[in-house]
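Let's take a friendly walk through this protein chain, stopping at a few residues along the way. Keep the viewer open as you read.

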Amino acid sequence: MDDNKPIVVGVDGSEYSPMALRLAGKFASLLEAPLRVVTSLGMSDFYLPAHLPPGYIDSAGELEAVARRLVEQAIDRAYGSERPQHLVTEIRFGPPAKVLVDESHNAQLLVVGRRGHGGILGQLMGSVSASCAAHAHCPVLVVGEEAEDAT
C-alpha cells in the first residue's frame, strides 16, 4: 500500500466503464487502497445530447445529475450490490484527459477504458486514454473489452 493513495478509475458511461471499474476494484482490494471513481464534464458535454433526457438541459446542475446517474449505472453494472469498500465518486468539470491526469498526481494507479464515446471507430485507443498513458504521474492501465476474458 502506497501511503493509502487511491486507485483512480475514469468512467464515462461507455461500454468499457464497467470493466475498468471491475479491474480497478480488484487492484484497490489487493493493494488495500481507496477506489476513486472520477468522471468529468467538459464543454462538449453541454452540446452532446447522448444519454440526456429529452428536452433542454439548462444548467450545470442538471448535467451533473445526469453524469452522477451514468456513474451509478456503471458502478451497478460492474459490481451489483457488492461494491468495493472505500469507493468514492467524484464529478469534475473540465476536459476528461486533463482531469484524469490531474487526478493521477495523488494516485498509485490510473485505470481508463480504451475508448469512450467519441472518436473514430477502429482506433486502438481513444484520445483520453492515449493522453493519460502519455502524461499521467502514476502507472496507467488501459482496459479493452478483451479484459473481460482475463478476469
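Helices (H or I, at least four residues) and strands (E, at least two) are DSSP runs, numbered from the N terminus. With that in hand, we can start with T39, which lies in strand β2, residues 35-41. Residues are numbered from 1 along each chain as its sequence is written. Please keep in mind that this is a predicted model, in which local features need pLDDT of at least 70, side-chain atom pairs count only at pLDDT 80 or more, and totals for chains, interfaces and linings use all residues, while side-chain values use heavy atoms and leave out hydrogens and water.

How confident was the predictor? Its confidence in each residue is the pLDDT, from 0 to 100. The protein chain averages 82, and 76% of the residues score at least 70. Among the elements, strand β1 (residues 7-10) has the highest mean pLDDT, 97, and helix α5 (residues 147-150) has the lowest, 50.

Back to T39. Is this residue buried or exposed? Relative accessible area settles that, using a 1.4 Å probe and protein chains only: under 20% is buried, over 50% is exposed, and anything in between is partly exposed. T39 has 10%, so this residue is buried. Contact means heavy atoms within 4.5 Å. Setting aside neighbours within four places in sequence, T39 is in contact with V11, D12, A67, V71, E90, I91 and R92. With V11 there is also a short polar distance to look at: a polar atom of the T39 side chain lies 2.6 Å from the backbone oxygen of V11.

Next comes C132, found in helix α4, residues 127-135. C132 counts as buried because its relative accessibility is 0%. Which residues does C132 touch, not counting those up to four places away in sequence? They are A97, L100, V101, L110, V112 and V140. For a backbone view, the C-alpha atoms of C132 and V99 are separated by 9.6 Å, although these residues are 33 residues apart along the chain.

Now for two loop residues with backbone angles worth a look. Most residues other than glycine have a negative phi. E32 is not a glycine, yet its phi is positive, at about 50 degrees. E32 sits in the loop between α1 (17-31) and β2, and with a relative accessible area of 57% this residue is exposed. H86, also a residue other than glycine, has a positive phi near 65 degrees. The place to find H86 is the loop between α2 (60-79) and β3 (87-93). Its relative accessibility is 52%, so H86 counts as exposed.

Technical notes: pLDDT is the predictor's confidence in each residue, from 0 to 100. A polar contact is a pair of N or O atoms within 3.5 Å; within protein, one must be able to donate a hydrogen and the other to accept it, and residues adjacent in sequence count only if both atoms are side-chain atoms.
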